[in-house]
Structure formats: structure tokens, C-alpha cells
Amino acid sequence: MRKLSVLVLLFLILVLTTNFTVPTKKSYHPSIEGTWELINRYNYDGVNITDTLTPATGFNQIKMFYNGKVMWTRYTPNQSVEWFGYGTYETTDSTLTERLEYMSASMRRIANENMEWHMELQLENNTYTQINLDEEGGRIASENYRRIN
């Protein structure tokens, strides 16, 4: 009986000295890490969407973001021109910066001198939009993606 009393007393001490807390729900911040497929593009007048461009049948553009690296490729049926790029990326809550280290010859012809792109970012759980801006911060065009993994 004495052993049982000691065990009960130890159990009570353990329970009374334990700090019980109710887990709080963490705020969710979506991550751009993953594989994404282009679903459409928007053109803007500086602020508002003026046109929606949907890819042609067979057209695929895929982007992959992992561990600070970005890679993208585009397949356009009936064209022999290759489109791809690889480099690094950084995000904030509202911006995406890509710095390409190498790319296809077709991409290099239209790339800016430092091969760096600063874009507005709108990121949700399973979709994201990257918006190209002009020098004054007006919206020019966007690429809109859906998560495929």
C-alpha cells in the first residue's frame, strides 16, 4: 500500500508541475517551392487586365522552384525553337526575383543584360501569378500558374 501511495504522490507531482498548453493554430504562408504549369497570361493597361491569353493546344510551360533554384521550360508544338532557363530565385510576400545562370539561345536573344527579372508575386496555396512591371511600377503582363505537385 505504501508503494502505491508513493506512486500516486509522484504522479500528482508530475501532473501539477507539468505546463499544459493548448497548441495554437499556425498562420499558413504558402510556399512557391514545387512544380507549376502555366494556365494563361494576362495583358494589363498599367493597372487593369485588358486581355487573357490561353495557351494553344499542346503548348506546355513548366516552372520548378526548389531550394533557391528555378528551372523552366516551354514546349510549343510545330516549332523547332527551344525555350528554357535555369538559375536562382528569391521571394518576399509580394515579389519574385529570378536570376538566370544559363538559358536557351532563343531566350538569350530577348533577355535583359544582367539576366535578372523582378516581378510582382501573388501566391496562393495552389496558384501563383508573376507580374512584369514597367519602370514606373505599372503592370504590363502576367503569367498565371497552377501547382501540379
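Which residue forms a salt bridge with Lys69? The partner is Glu101, and the closest N and O atoms of the pair are 3.6 Å apart. This contact links distant parts of the chain. Glu101 sits in strand 6 and Lys69 in strand 4, 32 residues apart. Glu101 is partly exposed, with a relative accessible area of 42%. Lys69 is partly exposed too, at 33%. The model is a predicted one, and every value here is computed from it.

Now step back to the whole chain. It holds 2 helices and 9 strands. Read along the sequence, the order is α-β-β-β-β-β-β-α-β-β-β. The chain has 149 residues, and 32% of them count as buried. Its accessible surface comes to about 10500 Å². Carbon and sulfur atoms account for 56% of that surface. Contacts also reach along the sequence. Among those between residues at least 6 apart, 43% join residues at least 24 apart.

Next comes the interior. In soluble globular proteins, nonpolar side chains tend to be buried together. Here the largest nonpolar core has 21 residues. The residues with the most contacts inside this core are Ile32, Phe65, Leu96, Leu100, Trp117 and Tyr128. Strands 1 (34-46), 4 (69-75), 5 (83-91), 6 (95-103) and 7 each supply at least two core residues. Strand 7 gives the largest share, 4 residues.

Leu100 shows what one of these core residues touches. Setting aside residues up to four places away in sequence, Leu100 touches Val70, Trp72, Gly85, Tyr86, Gly87, Met107, Met115 and Trp117. Trp117 is itself among the core residues with the most contacts.

Strand 7 covers residues 116-123, and Leu123 belongs to it. Is Leu123 buried or exposed? Its relative accessibility is 18%, so Leu123 counts as buried; the cut-off for buried is under 20%. Beyond its neighbours within four places in sequence, Leu123 is in contact with Pro30, Ser31, Ile32, Trp36 and Tyr128. Ile32 lies 91 residues away from Leu123 along the chain. Yet the C-alpha atoms of Leu123 and Ile32 are separated by 7.2 Å. Ile32 and Tyr128 both appear among the core residues with the most contacts.

Charged side chains are found inside as well. A search of the whole structure finds 7 salt bridges. In one of them, the side chains of Glu98 and Lys63 meet at 2.6 Å, N to O. Glu98 lies in strand 6 and Lys63 in strand 3, so the pair ties together parts that are 35 residues apart in sequence. Glu98 is buried, with a relative accessible area of 4%. Lys63 is buried as well, at 3%.

What else does Lys63 meet? The side chain of Lys63 is joined to that of Gln130 by a polar contact of 2.8 Å. Gln130 lies in strand 8, residues 127-133. Gln130 is buried, with a relative accessible area of 5%. Its side chain makes another polar contact, at 2.9 Å, with the side chain of Tyr128. Leaving out residues up to four places away in sequence, Gln130 touches Lys63, Leu96, Glu98, Met119, Glu120, Ala141, Ser142, Glu143 and Tyr145. That list includes both Lys63 and Glu98, the two partners of the salt bridge just described.

Glu120, also touched by Gln130, has a salt bridge of its own. The side chains of Arg139 and Glu120 meet at 2.5 Å, N to O. Arg139 lies in strand 9 (residues 139-147) and Glu120 in strand 7, so this pair ties together parts that are 19 residues apart in sequence. Arg139 counts as partly exposed, at 22% relative accessibility. Glu120 counts as buried, at 19%. Elsewhere, salt bridges that share partners join Glu90, Arg99 and Glu116 into one network.

Finally, turn to the surface. Met64, Tyr66 and Met71 make a nonpolar surface patch of about 260 Å². Tyr66 belongs to strand 3, residues 60-66. Tyr66 is partly exposed, with a relative accessible area of 33%. Strand 3 also carries Lys63, which is buried at 3% relative accessibility.

Definitions and conventions: Residues numbered from 1 in each chain as written. Predicted model: local features only at pLDDT ≥ 70, side-chain atom pairs only at ≥ 80, totals over all residues. Heavy atoms only, no water. Buried < 20%, exposed > 50% of the residue type's maximum accessible area, 1.4 Å probe, protein only. Contact = heavy atoms within 4.5 Å. Polar contact = N/O pair within 3.5 Å; in protein donor to acceptor, adjacent residues only side chain to side chain. Patch = residues over 30% accessible without salt bridge, like charges linked within 9 Å, V, L, I, M, F, W, Y side chains within 5 Å. Areas by Shrake-Rupley, 256 points an atom, 1.4 Å probe, with all protein chains shown as cover. Salt bridge = Lys/Arg side-chain N within 4 Å of Asp/Glu carboxyl O. Core = buried A, V, L, I, M, F, W, Y, C linked by side-chain atoms within 4.5 Å.
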